[in-house]
Amino acid sequence: MKRVLCTHCVGEIEVANKAMSIFCPHCKKRLILESYKVKTYKAVREFATCGDIVVERKGNVAAQVMAQNLLVKGRIKGSVQARDLIEIAKTGEVSGDIVAPRLIVKDGAMLRGFCRIEPIQPIAKTPPKPITAKTTKRAKSATSS
Ligand SMILES: [Zn+2]
């Protein structure tokens, strides 16, 4: 078993090591757990996994990227989030904003964007529902007769 964070709601989930995809028990959305190595051009709207992503030197990703750990040896164009570590290798190039609790930018790496080094916050923060106290605690006047 391992612990991952949902790429949608950032809820913590325990999953089997071999599981490839599950439904998040918190937000009920489908999660990809696979790890990826990108060696070619990949353009998608969203590239999200609870596993790790490695963008190899010849990899070129145009997408909003989310992963547990991300290693960039090639190029990424788009906003980037990791639940744990982002490392931009010396050959890496990121054009987009970065959010991760840990960030390593190697000498020679390129980064064009803003960085936030902090744990990922839930994307869509649903405000906690106000507690509608419907428990009418009416002190039962003793009906003693
Ligand atoms: Zn979720």
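Here are a few worked exercises on the structure above.

Before you start, note that residues are numbered from 1 along each chain as its sequence is written. The model is predicted, so local features need pLDDT of at least 70, side-chain atom pairs count only at pLDDT 80 or more, and totals for chains, interfaces and linings use all residues.

**Exercise 1: the overall picture**

Task: Find how many helices and strands the protein has, and what percentage of its residues count as buried.

Solution:
- Step 1. Helices (H or I, at least four residues) and strands (E, at least two) are DSSP runs, numbered from the N terminus. Here you get zero helices and 15 strands.
- Step 2. A residue is buried if 20 or more other C-beta atoms lie within 10 Å of its own, exposed if 12 or fewer, and partly exposed in between, with C-beta atoms placed from the backbone. Of the 145 residues, 28% come out as buried.
- Step 3. Two residues are in contact if their C-beta atoms, placed from the backbone, lie within 7 Å. Take the contacts between residues at least 6 apart in sequence: 9% of them join residues at least 24 apart.

**Exercise 2: the hairpin of β1 and β2**

Task: Work out how β1 and β2 pair, and whether V10 is buried or exposed.

Solution:
- Step 1. Two strands pair if DSSP finds at least two bridges between them. Strand β1 (residues 2–5) and strand β2 (residues 12–15) pair in the antiparallel sense, over four bridges. One bridge to look up is that of K2, whose partner in β2 is V15.
- Step 2. V10 sits in the loop between these two strands. Its phi is near 65°, a positive value in a residue other than glycine.
- Step 3. V10 counts as buried because it has 20 C-beta neighbours inside 10 Å.
- Step 4. Now compare K28, in the loop between β3 (21–23) and β4 (30–32). K28 isn't a glycine either, yet has a positive phi of about 70°. K28 counts as exposed, because it has 9 C-beta neighbours inside 10 Å.

**Exercise 3: the nonpolar cores**

Task: Find which residues of the largest nonpolar core touch the most other members, and which strand supplies the largest share.

Solution:
- Step 1. A nonpolar core is a set of buried Ala, Val, Leu, Ile, Met, Phe, Trp, Tyr and Cys residues joined through C-beta atoms within 7 Å. The largest has 22 residues, and V65, L70, V72, I76, V80, I86 and V94 touch the most other members.
- Step 2. At least two residues each come from β7 (53–55), β8 (60–72), β10 and β12 (98–100). The largest share is seven residues, from β8.
- Step 3. Zoom in on V80: beyond its neighbours within four places in sequence, V80 is in contact with V65, L70, I86, V94, G96 and I98.
- Step 4. Apart from this core lies another, of eight residues, including V4, L5, C6 and C9.

**Exercise 4: K90 and V105**

Task: Find how far apart K90 and V105 are in space, and how exposed K90 and V105 are.

Solution:
- Step 1. Place both residues. K90 lies in the loop between β10 (80–88) and β11 (93–95), while V105 belongs to strand β13 (residues 102–105).
- Step 2. K90 and V105 are 15 residues apart in sequence and 7.7 Å apart in space, C-alpha to C-alpha.
- Step 3. K90 is exposed, because 11 other C-beta atoms lie within 10 Å. V105, with 18 C-beta neighbours inside 10 Å, counts as partly exposed.
- Step 4. Leave out residues up to four places away in sequence. K90 then contacts K106, D107, G108 and A109, whereas V105 touches I88 and L111. V105 and I88 are 4.9 Å apart, C-alpha to C-alpha, though 17 residues apart in sequence.
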